[in-house]
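Hi there,

Here is the structure I promised to pass on to you. Have a look at it first, and then read my notes underneath.

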Amino acid sequence: MSEVKQFEPFQMDVLKEVGNIGAGHAATALSKLLDKPIDMRVPTVRIVSFEEISDCLGGAEEIVVAVFLRAEGEAPGNLFLFFTIDSARRLLRQMAGLTAGGEEGFTEMELSALQEIGNILAGSYLTSLSELTRMTLTPSVPSLAIDMAGAILGYGVMEYGASGDHALLIDTSFLNGTEETAGRFFYIPDPTSFEAIFEALGVPTP
Amino acid sequence: MTVSPLVKVGMADLNTAVGEGAIRTTGLGSCVGVTLYDPVIKVAGMAHVMLPSSSIAREGALNLAKFADTALPELLARMDCLGAQRTRLVAKMAGGAQMFQFGKQTETMRIGPRNIEACRGILGTYGIPIVAEDTGGNYGRTIELDCATGKLSVRSAQNGSRDL
């Protein structure tokens with residue numbers, strides 16, 4: 001059980017669809033917030049070693065803006081919304097007309113706006129998963145960090161530490177316009193949650 | 001002897017270096033970076049510990065570097081092979097942050113402090129003194145140990161650089 005490296009291709013496809021539905025609803029929510037169309041990329045399901053995990057975000061020392069929510073319930077897991085510093089500033093400008101004063105750092109108001117954006121998007125991601133699977137998934141209060149990708153992801157995959165050296169990430173980017181990545185969702189179900197997810201979606205588990 | 005200038009240690013990984021150059025690990029969050037150093041023969045070791053105890057491990061082949069209680073004995077054994085003397089070893093430690101703050105703290109969220117406590121305890125049982133540490137807080141760190149001097153430089157996004 002829960003050895004993610006051994007998942008079958010059809011199980012990976014199901015997880016991809018989970019990302020598609022979750023991020024799709026989140027993109028719709030963002031689109032309403034910004035009052036403009038938001039596109040998303042096809043989700044990727046990555047099984048990555050702890051060594052390489054930070055490469056997904058440009059390296060362990062890359063500074064990223066992260067909003068984190070813990071999903072509690074029948075299939076607990078971690079949900080992250082990542083922005084680059086630039087994409088976070090762009091989003092703040094578009095949504096609230098907030099223009100960052102200095103080169104470095106964000107004001108308290110900008111930080112709480114980002115946290116609230118994260119809350120709304122992650123909330124709609126989880127709500128749609130909850131509806132899809134008919135499982136109870138309750139999001140925690142969102143928490144925000146602007147820090148090294150390695151430090152944040154290391155925390156995010158902690159639950160996988162007991163069972164191996166690989167973690168499974170459902171990664172979906174959404175776009176500002178047609179090309180530019182506005183932000184990324186990483187949904188990281190706990191390794192013990194896959195059985196429940198597959199069962200709820202009627203996917204046979206070997 | 002040729003010495004590689006920079007030895008990298010990944011997450012849940014450990015390594016050693018001798019003589020010159022440096023040994024580094026990047027992006028420590030709740031993980032703890034422990035370094036051991038024998039100043040006489042300039043043997044350096046570093047572990048990037050992710051979890052406090054191997055008792056929770058459900059995997060077949062254990063990655064010793066991942067858990068405090070297995071990583072430190074393994075690192076010591078490797079340093080013994082390189083001629084390090086236990087009585088001369090000094091330890092330094094960094095990391096163990098709480099990356100995210102919540103009203104309700106569960107045990108998982110407290111993983112940083114628990115990692116620090118575990119490493120301290122194990123170093124204590126071996127009688128290895130912790131001569132410097134930069135632990136806790138809510139931010140990530142990158143650390144680099146200079147093999148020639150035993151100096152540990154700690155860098156963070158928010159607080160810049162400091163030497164231990």
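Below are my notes on two pockets and one helix.

Please keep in mind that this is a predicted model.

Let's start with the largest pocket, which holds about 570 Å³ of space. Its lining is made up of 23 residues, and the closest to the centre are Leu111(A), Ala145(A), Ile146(A), Asp147(A) and Gln158(B). If you want to find the walls, look in chain A: helix H2 (85–96), helix H3 (108–133) and strand E6 (143–148) each bring at least two residues to the lining. E6(A) gives the most, with 5 residues. As for character, the lining of this largest pocket has 11 nonpolar, 7 polar and 5 charged residues.

Next comes the second largest pocket, with a volume of about 360 Å³. Here 18 residues form the lining, and those nearest the centre are Glu51(A), Ala60(A), Val9(B), Gly10(B) and Thr26(B). Strand E3 (residues 22–28) of chain B has the largest share of this lining, at 4 residues. The lining of the second largest pocket splits into 4 nonpolar, 8 polar and 6 charged residues.

Finally, how far apart are the end C-alpha atoms of helix H1 (residues 9–34) of chain A? They are 36 Å apart, and this agrees with the expected span because 26 residues at 1.5 Å a residue should cover 38 Å. Just after H1(A) you will meet Asp35(A), which has a positive phi of about 55°.

Enjoy exploring!

Best wishes

How values were computed. Residues are numbered from 1 along each chain as its sequence is written. Chains are lettered from A and ligands numbered from 1 in the order in which they are written. This is a predicted model: local features need pLDDT of at least 70, side-chain atom pairs count only at pLDDT 80 or more; totals for chains, interfaces and linings use all residues. Side-chain values use heavy atoms; hydrogens and water are left out. On a 1 Å grid over the protein atoms alone, a cavity is a set of points where a 1.4 Å probe fits but cannot get out, and a pocket is an open set with protein on both sides within 12 Å along at least five of seven lines; lining residues have an atom within 4 Å of a point. Grid points are joined across faces, edges and corners, and a volume is the space filled by probe spheres set on the points. Ala, Val, Leu, Ile, Met, Phe, Trp, Tyr, Cys and Pro count as nonpolar, Asp, Glu, Lys and Arg as charged, and the others, Gly among them, as polar. The expected span of a helix is 1.5 Å times one less than its number of residues.
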